[in-house]
Amino acid sequence: MTEPKHGVVLGGGWAGMLAAHVLARHLERVTVVERDVLPDGPRHRKGSPQGRHVHVLWSSGARIVDTLLPGMIDQLLDTGARRIGFHQDLVTLTSHGWQHRFPPRQYALMCTRPFLDWKVRDRVLATGRITLRQRAEILDLAGDAKRVTGVRVRDMDSGAAETLAADLVIDASGRGSRLRHWLSALDVPPLEEDIVDAGIAYATRVYQGPPGAAAGFPAVNVAADHRLREPGRFGVVYPQEDGTWMVTLSCTRGAGLPTHDDEFLPYARTLRHPLVADLIALAKPLTSVAVSRVGANRRLYPERLDIWPEGLLVLGDALAAFNPIYGHGMSSAARAAAALDTELQRSGTAEGTTRRAQQAISATVDDPWIMAASKDVEYVNCRMNTTDPRLTGGAVARQRFSDLIADRSIRSSAVCDVVTDVISLTAPQSDLASSGFLSLMHKDRVLPELTEPPLTADELALVNLSPRSAVSAGGS
């Protein structure tokens, strides 16, 4: 990066567009290389198969996006996204019981992934400083082990290949990234890789929510209980734009997944509570079942290599991909973009910038990685190939402590606040081991256990369910 003129981003998804926007703040030109033709609207595309399932943008990621693209979050909310305050606007059956609906500490944006991608992509490309190369396949990296100088691409329509010279190349090509292969061709030592795979699979349908429920009914989440030592089954009902519900049913390895429309409701009946099934039984389905079986936690460690090519970075799912059930992917990509922006502001184009930037980017994925991976290893039939000592040792003590936190969090407002800050990636996971938090675990008032979903009679009336089991939703 001796003359910071041109940056190339591989992948035009969420992570790629945020990275391209950051580069455009520091370089003269930016090119985004994308295999798909990106839709001009909130439509699905082949290169984003998980886009048909539920997504959330945690408040930590939303704040970063709003800093990079001022007014973006208000625009999303004004055009249909729903802001869900945790835990006031969410009814959750956790592994340890029903979560009290405490006043919101953090929030998440809920809307369809194509809608979110389109709105942000439209805003990023509107600057005019980013060129989008669509229907272009990445062949390999140009350069050597010391410096990457560009990328070779092939036009998928004409078949013509060319080299795009670049001062900086960012791999944001997602779970399908061929980075390890490209680096091998440059004689860069193999990247270390950790994999924790609980065999998660997803089945999703979109429903028309009842009138009035789009804005007045909470999101619903019914989770599995890992302590039962059987394959986990999960179900969520999340509000989306246009007054719709996105309903995703999921499972870990060993549990059957509904793949046909007539199997969807019966599967929902097998969850730990019938709330999800009761809701969709009265709603009109708008789509057939969409299935995905890509959900393993996978992480690369470029920061550990003694040799790392100047002019190359990797972020997003190409660097670390998480079980989507925890909702950390988009916020992690936003955190990586913010780390890149900070490093470019601090170090400019000095030699070693990309290595320092990669170290900073990799640091942003550590908390979501360990949260997702340590949770998934608790499920039966989980397959693990990792050297992370936090996952390979002390499993019994770690699970016991995790269960204690989970039990307190659903019934203690103060404990829940700290846990929500960590889960939303607003606070570091190390806060859960602080002396202040450990003291709070013992001192804060613990509310009685809830035996039924914390829904009010008015909320149940919105979805035409009986109010016979309604309880206070105020967390007291």
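## Exercises on a predicted model

Arginine 43 is partly exposed, at a relative accessible area of 48%. The model is predicted.

**Exercise 1. Place arginine 43 in the fold and classify its exposure.**

Step 1. Find the flanking elements. Strand E2 covers 29-33 and strand E3 covers 56-58. Arginine 43 sits in the loop between them.

Step 2. Apply the cut-offs. Buried means under 20% and exposed means over 50%. Arginine 43 has 48%, so this residue counts as partly exposed.

Step 3. Take the separation from leucine 10. Along the sequence, arginine 43 and leucine 10 are 33 residues apart. In space, their C-alpha atoms are 21 Å apart.

**Exercise 2. Describe how helices H1 and H9 pack.**

Step 1. Choose the descriptors. Two packed helices are described by the angle between their axes and by the distance between those axes.

Step 2. Read off both values. H1 (residues 14-24) and H9 (residues 329-347) pack at about 15 degrees, and their axes are 9 Å apart.

Step 3. Classify the angle. Angles under 35 degrees count as roughly parallel. H1 is therefore roughly parallel to H9.

Step 4. Give the hand. The H1 and H9 crossing is right-handed.

Step 5. List the contact residues. H1 supplies Trp14, Ala15, Leu18, Val22 and Leu23. H9 supplies Met330, Ala333, Ala334, Ala337, Leu340, Asp341 and Leu344.

Step 6. Sort them by type. Eleven are nonpolar, none is polar and one is charged.

**Exercise 3. Which strands pair with E13, and what stands opposite isoleucine 195?**

Step 1. Split strand E13 (residues 193-197) by face. Asp194 and Val196 form the covered face. Glu193, Ile195 and Asp197 form the uncovered one.

Step 2. Take strand E20 (residues 297-300). Four bridges join E20 to E13, and the two run antiparallel. Here arginine 298 stands opposite isoleucine 195.

Step 3. Take strand E23 (residues 383-385). Three bridges join E23 to E13, again antiparallel. Here asparagine 385 stands opposite isoleucine 195.

**Exercise 4. Why is helix H2 described as largely enclosed by the rest of the structure?**

Step 1. Count the buried residues. H2 (residues 59-68) has ten residues, and seven of them are buried.

Step 2. Name them. They are Ser59, Ser60, Gly61, Ala62, Ile64, Val65 and Leu68.

Step 3. Identify the packing partners. These buried residues pack against H1, E3, helix H3 (72-78), strand E7 (106-110) and H9.

Step 4. Conclude. Because seven of its ten residues are buried, H2 is largely enclosed by the rest of the structure.

Technical notes
Residues numbered from 1 in each chain as written. Predicted model: local features only at pLDDT ≥ 70, side-chain atom pairs only at ≥ 80, totals over all residues. Heavy atoms only, no water. Buried < 20%, exposed > 50% of the residue type's maximum accessible area, 1.4 Å probe, protein only. Axes fitted to C-alpha atoms, helices over the stretch in contact; angles between N-to-C directions. Parallel < 35°, antiparallel > 145°, perpendicular 65-115°, else oblique. Left-handed = near helix turned anticlockwise from the far one by under 90°. Contact = heavy atoms within 4.5 Å. Nonpolar A, V, L, I, M, F, W, Y, C, P; charged D, E, K, R; others polar. Pairing = 2+ DSSP bridges.
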